[in-house]
Amino acid sequence: MDFLQIPYSEVLIDPITGAGIPDPRYPFAPQVSLSASSESQSPTFVVDSAEIISKLGTVYKFDKDLEDPRQTETRKWIADRFQGVTFAALNSSWWYAFYAYPNLVPPKIDSLANFKILPKLQNQASPEIQSWLSENKGSDQAGRWVLEESKVFTGKLQAPFHGGNSPDLADVEMFAVVRNIAGHNGLQPFVTSTEHPLGVWLQQMEPYANGSKRWPKV
């Protein structure tokens, strides 16, 4: 939706209680509530990532991307393989997991944990805990694994994007996964370094995500 420059407002969902879910008939996220075209109509709820993308593709005329075999193959690899790799890397140590969860929990929980836990992880831990944290911060192995797996995607780039001169749907979906780890203290250097093809590609994608460049699909 950022790439399509569709205005929207976020709804925070409590991962423990499920509070905030727009349509409780489907107890998972993501969900999109589409405004009705008239006041007499109720909002339409669309659930599940694939279904949301399919609906947007029909409205915004990039449905051909959904049918393109090359994009389908790459998107399937992102969903079936790369998402799992990044999840495992983010949780490869207690330290890595701690820095991953601000993207996964409501701010009220995040800020409480930062207040209660972060000082202990950084400067106020006992010598025993400091020693344990030093040994369990996570090694470069997780970052190197993500980079190695990403070669499946970067090997398909047609300079500079998967879509050639401009991003296609596979670029957008890959960006959503990589952006998640680009803000992680431990993994960030591996995915953002322009010494690697993934970092160069990520840098090229940023202007489309922040709105300074318009995605040609719109």
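Where does I13 lie relative to β1 (31-34)? I13 lies in the segment before that strand. I will come back to this residue at the end. One caution before the rest: what you see above is a predicted model.

Let me start with the overall layout. The protein has 218 residues, and 36% of them count as buried. Its secondary structure consists of two strands and 11 helices. If you read along the sequence, the pattern is β-β-α-α-α-α-α-α-α-α-α-α-α. About 13,200 Å² of the protein is exposed, and 53% of that area is supplied by carbon and sulfur atoms.

Next, the contacts. Take the contacts in the protein with a separation of 6 or more: 58% of them come from residues 24 or more positions apart.

Now the inside. The largest nonpolar core has 43 residues. Which residues have the most contacts inside this core? They are F3, M174, V178 and W201. Several elements give two or more residues to the core, among them α1 (49-59), α3 (69-90) and α4 (94-100). Further along the chain, α8 (140-154), α9 (169-182), α10 (188-192) and α11 (197-209) also do so. The element that gives the most is α9, with eight residues.

V178 is worth finding on the screen. Leaving aside residues up to four places away in sequence, V178 touches F82, V191, L198, W201 and L202.

Two of those partners, L198 and W201, turn up again where α11 meets α8. On the α11 side, P197 is listed with them. On the α8 side, the residues are L147, S150, F153 and T154. By class, this contact has five nonpolar residues, two polar residues and no charged ones.

How do the two helices sit against each other? Their axes come within 9 Å and cross at roughly 60°. An angle from 65 to 115 degrees would count as roughly perpendicular, and one under 35 degrees as roughly parallel. The crossing of α8 and α11 falls in neither range, so the two helices are oblique to each other.

Back to I13. Is I13 buried, exposed or partly exposed? Its relative accessible area is 27%. Buried means under 20% and exposed means over 50%, so I13 is partly exposed.

There is also a distance to note here. I13 and F28 are 15 residues apart in sequence, and their C-alpha atoms are 9.6 Å apart in space.

That is all I have.

Definitions and conventions. Residues numbered from 1 in each chain as written. Predicted model: local features only at pLDDT ≥ 70, side-chain atom pairs only at ≥ 80, totals over all residues. Heavy atoms only, no water. Helix = DSSP H or I, 4+ residues; strand = E, 2+ residues; numbered from the N terminus. Buried < 20%, exposed > 50% of the residue type's maximum accessible area, 1.4 Å probe, protein only. Contact = heavy atoms within 4.5 Å. Areas by Shrake-Rupley, 256 points an atom, 1.4 Å probe, with all protein chains shown as cover. Core = buried A, V, L, I, M, F, W, Y, C linked by side-chain atoms within 4.5 Å. Axes fitted to C-alpha atoms, helices over the stretch in contact; angles between N-to-C directions. Parallel < 35°, antiparallel > 145°, perpendicular 65-115°, else oblique. Nonpolar A, V, L, I, M, F, W, Y, C, P; charged D, E, K, R; others polar.
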